[in-house]
Amino acid sequence: MELSVEGRPTFSTTVVRGLIRDLYGIDGTLEPLPAEWDQNFRLDCGDAEAFVVKIANQGRRTEVLEFQNAAMNRLSEIWVSGKSPRVLSSLAGEKIAIVSGRNGALFRMRVLTYLPGKPLATVRPLCERSLDRLGYALGDLDRCLADFRHEAMDRELPWDLRRAEWIIAYTRRMPNLQKRGIVEGVLLQYRGRITPVLANLPTSVIHNDANDENILLAPDAEGGWRVAGLLDFGDMLRSHTVNELAIACAYAVLGSADPLKVMEGITAGYHRARPLTGDELFVLFPLTCMRLCVSVTMSAIAAEEDPDNEYRQISDRPAWDMLEQLERIDWRDAENRLRIACGLEKRPSTHFGKRRWKHGELLEERRMRIGPSLSLSYETPLEIVRGRGQFLFEPGGKAYLDCVNNVCHVGHCHAKVLAALSEQAAILNTNTRYLHPYLVEYAERLTATMPDPLKVCYFVNSGSEANELAVRLARTHTDRHDAIVLEDGYHGSTSMLVDLSPYKCEGPGGRGLPDWAHEVVKPDPYRGPYRGTGEGVGRAYAEHVRKVCERLDAEGHPPAFFICEPILGCGGQIVLPEGYLRRAFAHVRSVGGLCVVDEVQVGMGRVGSHWWAFETQGVVPDIVTIGKPIGNGHPLGAVVTTTEIARSFDNGMEFFSTFGGNPVSIAVGLAVLDVIEEERLRDRAARVGSYLTEGFLALSAQHPEIGDVRGLGMFMGVELVLDRDKRAPATKLTSLLIERLKTWGILLSAEGPHHNVLKIKPPLQFLETDADLLLNAVDRALSEIREDRRSGEAG
């Protein structure tokens with residue numbers, strides 16, 4: 001049973017007084033004390049003797065109460081810099097007495113010694129010496145508990161900072177968008193910068209709730225304060241030891257004009273009693289912020305579920321005030337101040353390149369030295385110098401959640417891929433004119449993911465090279481030249497591929513399609529001439545392929561090939577209607593043409609249900625091209641075809657790629673396959689993709705600007721419109737949304753001919769937690785933009 005309002009005890013003082021008299025032989029005056037889930041009383045017996053009576057919520061397990069009792073009794077004996085309550089035994093010798101409530105419900109009751117003192121909340125601000133003493137007492141506490149073990153110490157609590165990311169799913173309960181943005185900003189930076197470090201932190205049993213009401217102080221002889229005691233062991237568990245300090249700091253800084261000064265004093269004292277590691281100092285300030293985020297989230301939940309319990313919202317306003325202050329503090333600066341307070345040097349700063357570039361200088365130099373047609377993203381371009389998993393990082397350490405980079409398929413800088421690359425690079429890198437087992441083994445494994453008869457591989461260095469080679473294969477095999485391409489299709493950056501990519505050759509700077517490339521309408525179920533995703537729609541769009549095939553055949557130059565992405569990328573993240581490729585392929589093959597599928601963007605398990613997106617259409621192409629994800633950012637591409645087509649291509653002209661298929665590249669390709677299989681990334685793509693789709697569909701009920709949500713696995717598009725009925729593209733809104741999300745640390749970009757489709761194709765390390773960060777940000781941004789426009793209209 002979990003802690004609940006229903007399980008909360010409701011004994012009267014008269015009944016409790018009688019129970020204590022009968023079970024413990026103690027009598028006195030009872031005074032109710034505040035409690036979140038339980039029922040607490042102070043029992044005053046006169047002659048300066050007092051006790052605390054605690055009746056536990058029915059959801060509290062006996063073994064957990066025994067765990068707390070054991071810890072309190074241990075600390076009451078050995079913790080010299082503070083005091084812990086001691087658990088009394090009943091007349092029957094029991095530390096926990098079972099008492100009966102209304103309707104025979106059973107509750108567990110304990111009696112503890114009463115600790116005198118003033119709560120920290122009533123005496124701050126503390127002087128530097130008092131802060132040091134407070135920190136020392138907490139460090140000493142954790143030192144005393146370092147070797148303490150109990151069977152109930154591993155618990156799941158919402159207050160455990162090890163699991164604090166759960167609040168991501170609840171921030172939308174916060175009605176104030178600005179405040180919600182503070183929490184979501186902390187969450188994103190925490191997930192990108194701190195979560196990877198948590199596994200390195202020491203763990204132990206900690207009190208876990210050293211807040212400003214539970215820390216008791218008493219005046220010392222020098223006019224300051226010393227720790228008199230620590231109350232409420234109800235949240236005790238095993239966690240990262242530094243969380244103890246972070247929690248204390250989170251509440252000690254409330255109301256302070258200089259929170260870092262307060263943290264410096266407490267941290268220095270803690271470090272004297274229990275020296276902190278470099279990693280612990282790295283995470284301390286973010287953990288302090290995170291504790292406050294958990295606190296305000298719990299308050300928001302309590303306001304909905306338990307509005308009459310003021311105790312559950314006691315820290316809400318001061319916590320928000322402090323979060324607004326802490327938001328303005330750079331995490332690196334905070335870390336360095338805490339390191340200095342502990343007598344350590346600052347963390348060495350890192351820079352990239354032979355000189356330290358200012359952002360403006362770097363931008364200007366790039367504009368001078370790099371061709372201007374090589375574009376940069378965003379109005380103010382980002383300087384990205386590091387990547388890890390699904391995050392990219394600026395030189396200052398700011399993390400960006402990468403929702404659009406399908407190149408680093410298994411995550412930026414995946415350890416296994418890096419190891420494979422560096423190990424092989426240290427052994428051999430040469431061309432394919434020599435035998436090497438990796439080349440054959442990789443070809444075997446890659447073709448094993450595809451249906452028969454796709455069994456022959458060619459390895460190149462990019463998706464463009466793969467598509468260029470595919471065109472050569474098709475033309476050689478058929479002894480024809482013409483191509484059928486889709487409206488808004490894109491297949492690469494070589495001159496020939498630009499000519500057969502309407503997205504490029506019919507756009508700015510293009511010269512239009514050459515006479516050998518024939519365009520058919522793209523099968524767009526949302527915006528095209530035929531609406532819907534069913535078989536009839538697929539048949540209608542495929543008819544355009546049939547007509548072109550018949551016309552070219554009648555003119556005496558039937559097509560050599562038809563090339564198509566199995567999910568359209570640049571065309572607008574479009575999922576093809578049912579049966580489209582099956583019928584289009586049949587029409588092309590009826591006149592002797594080949595069918596080429598461009599899996600450069602969507603392949604390698606991204607759709608989740610299958611290795612390759614073409615499989616979702618129930619077809620087998622003649623040629624498959626692969627690029628971007630196959631090397632996880634390393635330049636690697638491949639063409640997979642049939643034995644028959646490969647033999648046709650062996651016509652006396654040698655095919656050779658200097659770097660294509662080299663041992664280092666192939667080692668990387670093998671490692672990528674290993675990671676996909678070992679980490680079950682296809683399953684993750686399907687699961688998280690479904691979660692994202694459901695999330696965006698839910699958002700569409702609140703935001704009419706979301707016209708369509710589509711995708712397979714983790715290749716998605718969200719189309720923004722001005723009007724759902726007319727489907728007018730919301731191009732400016734899309735740009736504004738993307739720019740706003742960038743400032744919040746989330747990277748997206750637009751796709752489609754109107755640049756109004758959010759393209760979502762993140763590294764497959766992307767989890768539901770990341771999906772919530774993205775969904776929350778889009779929700780908040782659309783809400784803010786709408787409010788801004790209303791304010792502008794009102795003005």
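These are notes on the nonpolar cores, the aromatic pairs and one exposed serine in a predicted model.

1. The largest nonpolar core holds 180 residues. The members that touch the most others are Leu446, Phe562, Tyr580, Phe696 and Leu774. Helix α7, spanning residues 278-305, gives the most to this core, with 13 residues.

2. Leu774 can be followed in detail. Apart from neighbours within four places in sequence, its contacts are Cys403, Leu692, Phe696, Leu741, Ile746, Leu748, Ile760 and Phe766. Phe696 is thus found both among these contacts and among the core members that touch the most others.

3. A second core is separate from the largest one and has 25 residues. Val471, Ala517, Ala646 and Phe649 are among its members.

4. The structure contains 10 aromatic pairs. One of them joins Trp166 and Tyr170: the ring centres are 5.4 Å apart and the planes stand at 75 degrees, so this pair is edge-to-face. Trp166 is partly exposed, with a relative accessible area of 23%. Tyr170 is partly exposed too, at 30%.

5. Tyr458 and Phe655 also form a pair, with ring centres 5.8 Å apart. Their planes are at 85 degrees, and the pair is therefore edge-to-face. This pair links distant parts of the chain, the two residues being 197 residues apart. Tyr458 belongs to strand β14 (residues 454-460), while Phe655 is in the loop between α18 (643-649) and α19 (663-678).

6. Is each ring of that pair buried or exposed? Tyr458 has a relative accessible area of 15%, so it counts as buried, because the limit for buried is under 20%. Phe655, at 25%, is partly exposed.

7. Tyr458 and Phe655 are joined by Phe649 in one aromatic cluster. Phe649 is also a member of the second core.

8. Two arginines lie over aromatic rings. The charged end of Arg433 sits over the ring of Phe656, 3.7 Å from the ring centre. Arg780 lies over the face of Trp744, with a distance of 3.7 Å to the ring centre.

9. Ser493 is in the loop between β15 (483-486) and α14 (495-499). Its relative accessibility is 55%, so Ser493 counts as exposed. Which residues does Ser493 contact, leaving aside neighbours within four places in sequence? They are Ser464 and Val498. Glu465 is 28 residues from Ser493 in sequence, and the C-alpha to C-alpha distance between the two is 8.9 Å.

Key
Residues are numbered from 1 along each chain as its sequence is written. This is a predicted model: local features need pLDDT of at least 70, side-chain atom pairs count only at pLDDT 80 or more; totals for chains, interfaces and linings use all residues. Side-chain values use heavy atoms; hydrogens and water are left out. A nonpolar core is a set of buried Ala, Val, Leu, Ile, Met, Phe, Trp, Tyr and Cys residues joined through side-chain atoms within 4.5 Å. Buried means under 20% relative accessible area, exposed over 50%, partly exposed in between (1.4 Å probe, protein chains only). Helices (H or I, at least four residues) and strands (E, at least two) are DSSP runs, numbered from the N terminus. Contact means heavy atoms within 4.5 Å. Rings of Phe, Tyr and Trp (its six-membered ring) pair if their centres lie within 6.5 Å; planes under 30 degrees apart count as stacked, over 60 as edge-to-face and the rest as tilted. A charge sits over a ring if NZ of Lys or CZ of Arg is within 6 Å of the ring centre and within 35 degrees of the ring normal.
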